Amino acid sequence: METENLSYPWYALWVKSRCENTVASHLQAKGYESFLPLYKSQRRWSDRLRKSSFHFFPGTCFASLTH
């Protein structure tokens with residue numbers, strides 16, 4: 001017996017760098033599913049360490065473009 005594949009294809013969308021969060025939120029507002037892989041890193045500034053989240057693939061947003 002074969003199982004039906006009910007998942008929809010995912011697409012990698014190239015977007016303007018630093019606009020990935022904006023694109024993902026607009027896609028979600030329109031009812032699409034989006035995915036932004038992030039990683040956390042510590043960066044040293046002159047006087048302190050700062051923890052920040054960075055995009056794993058800068059300039060890329062993953063989306064399933066079917067409702």
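## The β3-β4 hairpin

In this predicted model, strand β3 (residues 38-44) and β4 run antiparallel and are joined by seven bridges. The link between the two strands is a hairpin, with four residues leading from β3 to β4. To find your place in this ladder, look for Lys40, which stands opposite Ser53 in β4.

Strand β4 covers residues 49-55. Both strands come up again further down, since Leu38, Ser53, Phe54 and His55 are among the residues that line the largest pocket.

## The overall layout

Let's step back to the whole chain. The protein has one helix and five strands, and along the sequence these elements follow the pattern β-α-β-β-β-β. Of the contacts with a separation of 6 or more, 61% are made by residues 24 or more positions apart.

Of the 67 residues in the protein, 19% are buried. The accessible surface comes to about 5,900 Å², and carbon and sulfur atoms hold 54% of that surface.

## The three-stranded sheet

Now for the sheet that includes β1. Three strands form an open sheet in the order β1-β5-β2, and their pairing is antiparallel. β1 (11-14) and β2 (33-35) are the edge strands, each of them pairing on one side only. On average, and with direction ignored, neighbouring strands of this sheet are turned by 35 degrees against each other.

Four bridges connect β1 with strand β5 (residues 60-64), and the two pair in the antiparallel sense. A handy marker here is Trp14, which stands opposite Thr60 in β5. Helix α1 (residues 20-29) packs on the sheet and touches β1, β2 and β5, while its direction makes about 15 degrees with that of β5.

## Ser64, a buried residue of β5

Ser64 is worth a visit while you are at this sheet. The residue belongs to strand β5. Its relative accessibility is 5%, so Ser64 counts as buried, the cut-off for that class being under 20%.

Which residues does Ser64 contact, once its neighbours within four places in sequence are left aside? The partners are Tyr8, Pro9, Trp10, Tyr32 and Glu33.

## The largest pocket

The largest pocket holds about 210 Å³ of space. Its lining consists of Ser17, Arg18, Glu20, Asn21, Leu38, Ser53, Phe54, His55 and Pro58.

Which element gives the most to this lining? That is β4, with three residues. Helix α1 and β4 each supply at least two residues of the lining. The hairpin strand β4 thus has two roles in this tour: it is joined to β3 by seven bridges, and it contributes three residues to the lining of the pocket.

## Arg18, an exposed lining residue

One of the residues lining the pocket is Arg18, found in the loop between β1 and α1. Is Arg18 buried or exposed? Its relative accessible area is 80%, so Arg18 is exposed; that class begins over 50%.

Arg18 also offers a nice example of a pair separated along the chain. Arg18 and Gly59 are 41 residues apart in sequence, yet their C-alpha atoms are 6.9 Å apart in space. Ser64 makes a good counterpart to end on: Arg18 is exposed, whereas Ser64 is buried.

Methods
Residues are numbered from 1 along each chain as its sequence is written. This is a predicted model: local features need pLDDT of at least 70, side-chain atom pairs count only at pLDDT 80 or more; totals for chains, interfaces and linings use all residues. Side-chain values use heavy atoms; hydrogens and water are left out. Two strands pair if DSSP finds at least two bridges between them. Axes are lines fitted to C-alpha atoms, for helices over the stretch in contact, and angles run from 0 to 180 degrees between N-to-C directions. Contact means heavy atoms within 4.5 Å. Buried means under 20% relative accessible area, exposed over 50%, partly exposed in between (1.4 Å probe, protein chains only). Accessible areas come from the Shrake-Rupley method with a 1.4 Å probe; for residues, only the protein chains shown count as cover. On a 1 Å grid over the protein atoms alone, a cavity is a set of points where a 1.4 Å probe fits but cannot get out, and a pocket is an open set with protein on both sides within 12 Å along at least five of seven lines; lining residues have an atom within 4 Å of a point. Grid points are joined across faces, edges and corners, and a volume is the space filled by probe spheres set on the points.
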